[in-house]
Amino acid sequence: MSTADSATQPTTTRAAFRVDSLAIGMIVMLAMTVLGRGIGFIRGMAFCRLMDDTDVGRWSMAFGFITLITPVMLLGIPGVLPRFTEHFRLKRSLTPFVRRVAIGTLTCTTVFVTTMLWVPDWFGWIVFLQPQDNRLIYGVAGAVVGMIAYNFVSDLNGSLRQVRMVSCMQFMQGVGFTLLSVAWLAVDGSFTGVVWMFAASCLIAAIPGLWSLIRSWESAQQISDADNATTNLPQDTEVPSPDNDLPFGLWDMIRRLAPYATALWLMNLIGNLFELSDRYMILHFIPATEAMPAEIAGQAAVGQYHSGRIIPMLLLSLGTMIGGVMLPYLSADWEAKRFEAVQTRLRDALLAVSIVFTSGSAVAILLGPWIFNVLLQGRYTDGMTLMPMALCFCTWAALVTVGQNYLWTVEKGKWIPIAMAAGLISNLALNAWLLPILGLQGAVIATMCSHGVVMTGVWLAMIGCGYQLDVTLVVLSLLPVSLLLSPFVALLLAIAIGLMAWNDDATRQRWLESLPDKVRSKLMPLG
């Protein structure tokens, strides 16, 4: 592993600040994520059984709103942590940087939550297309606060490359929400209580991350000899104490962060609108039936759509975690001027994500009849029909989430919201055309095509900003399409591509060198 991935050695007598290597961090994160997402899958199945499809649709809309509004109303402020924490740590301005980001986050949160509590009826219409009990909107506001606190602590730990702690937090949040919400529904609790259980699980999961930051904050601000060499600082430069941080001008900081935060804000706004657009189009374009008015029929259709996306969204969330874990490491490589390492790491990660996610999707399709007919009691047949296409576009979305880290690292993130905007426009147009004709099937076709538009736009932007185009990028982009042909074809292709990559000496050597020593020693004979 590179020196950026090893433990940082102190230049003073204070305790050393240790970072997790990317390999160990990924292994721990993947293990905890697989376990946590398995529990999340159980939660999704339980929700579909303990709630009717209307309430499942309401939860899908509420959760979608929470995840949409959280980064948007924060103006991208806390999103600068993964990219710039290492930069300001090397500038010896870590504490003022984090303090200012925290103040901005708290200010935006206070303004937004106050607005929600002031006009709950309006937010009820925005989220659910009809007024709701004010207590439900208050619960959504509480969930927003809980998610912001959790995300801030998690992002700060991740930006300091404390990946094991981030994985622990994610696991605690997923397990906590599952236990609390399922227990609540099992005793006939109301739907509003489920939203409050989500808020509680976020706050509980933030506690160990906050404890980790407090414990290691002093040592995190120490600069090593290798860091001094990287930043061309004199070896005898005095390291300031946490109580006397070298000030970094507020306006200087704003000028450096504003372009990145603006691009991130636009990406979150357009990306989340893109994510929710198909569900809102379903709500508006699904016609009324003899048994249900249009609003209820739309919510029931969203519930069917949600059931078909349970497994695909697990893959997308895993891709999001991989992308989030990688960005601080890519940023550290970039700050250390290891530019080639940035592209190499990213290329290997994209190939691995495409192979593993396509293989997992093929297995999920094969298990689909049992999942929907047995676990879901045959109540969500439309969901099973649309699942292969949902798996395809969620794999594409995961690839984009990992790949766009290159643009964030080179500070060319402005191209990401442009690609997202193209995808959003195509999604709205295709949904308006196909939904009245094909129903839910049309919504999934439209979403899959628009995800292809986004992926193409991001790849073109990466190439335009210096990323080297090769056959690997083409292969990993087309592999998920094989899921539409047959799960057996997709599985065979994924295995074949994986074996070809392993048989390439350079690729195999990089993969082996990225592993911990004990794991590498066991796998070396296979090379």
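1. Exposure of L460. L460 is exposed, its relative accessible area being 57%. The model under discussion is a predicted one, and L460 is placed in helix α17. The cut-off for the exposed class is over 50% relative accessible area, so the 57% of L460 qualifies.

2. The nonpolar patch. L460 belongs to a nonpolar surface patch of about 600 Å², whose other members are I463, L469, V474, L478, V481 and L484. Two helices, α17 (440–464) and α18 (471–478), each contribute at least two residues to this patch. Membership of the patch requires over 30% relative accessible area, and L460 has 57%.

3. Cysteines. No disulfide turns up in a search of the whole structure; the count is 0. For C392, the nearest cysteine sulfur is that of C394, at 9.4 Å, and C392 is in no disulfide. Likewise, C394 takes part in no disulfide, and the nearest cysteine sulfur to C394 is that of C392, 9.4 Å away. A disulfide would need the two sulfur atoms within 2.5 Å; the separation of 9.4 Å therefore does not qualify.

4. Burial of the two cysteines. C392 has a relative accessible area of 0% and is buried. C394 is also classed as buried, at 1% relative accessibility. The cut-off for this class is under 20%, so both values fall within the class.

5. Setting of R83. Is R83 buried or exposed? R83 counts as buried, because its relative accessibility is 0%. The residue is located in helix α3, which spans residues 81–90. A polar atom of the R83 side chain lies 3.2 Å from the backbone oxygen of T409.

6. Contacts of R83. Which residues is R83 in contact with, leaving aside its neighbours within four places in sequence? They are Y260, L327, S331, W334, E335, W408, T409 and E411. T409 thus appears in this list and also supplies the backbone oxygen at 3.2 Å from the side chain of R83.

7. Setting of S154. S154 is found in helix α6, residues 134–159. S154 is buried, with 8% relative accessible area. When neighbours within four places in sequence are left aside, the residues in contact with S154 are V166 and M169.

8. Points to check in the viewer. The reader may wish to inspect the patch that includes L460 and L484, the pair C392 and C394 with sulfurs 9.4 Å apart, and the side chain of R83 beside the backbone oxygen of T409, at 3.2 Å.

Note on methods:
Residues are numbered from 1 along each chain as its sequence is written. This is a predicted model: local features need pLDDT of at least 70, side-chain atom pairs count only at pLDDT 80 or more; totals for chains, interfaces and linings use all residues. Side-chain values use heavy atoms; hydrogens and water are left out. Buried means under 20% relative accessible area, exposed over 50%, partly exposed in between (1.4 Å probe, protein chains only). Helices (H or I, at least four residues) and strands (E, at least two) are DSSP runs, numbered from the N terminus. A polar contact is a pair of N or O atoms within 3.5 Å; within protein, one must be able to donate a hydrogen and the other to accept it, and residues adjacent in sequence count only if both atoms are side-chain atoms. Contact means heavy atoms within 4.5 Å. Patches are made of residues with over 30% relative accessible area and no salt bridge: like charges are joined within 9 Å, nonpolar side chains (Val, Leu, Ile, Met, Phe, Trp, Tyr) within 5 Å. Accessible areas come from the Shrake-Rupley method with a 1.4 Å probe; for residues, only the protein chains shown count as cover. A salt bridge is a side-chain nitrogen of Lys or Arg within 4 Å of a carboxyl oxygen of Asp or Glu.
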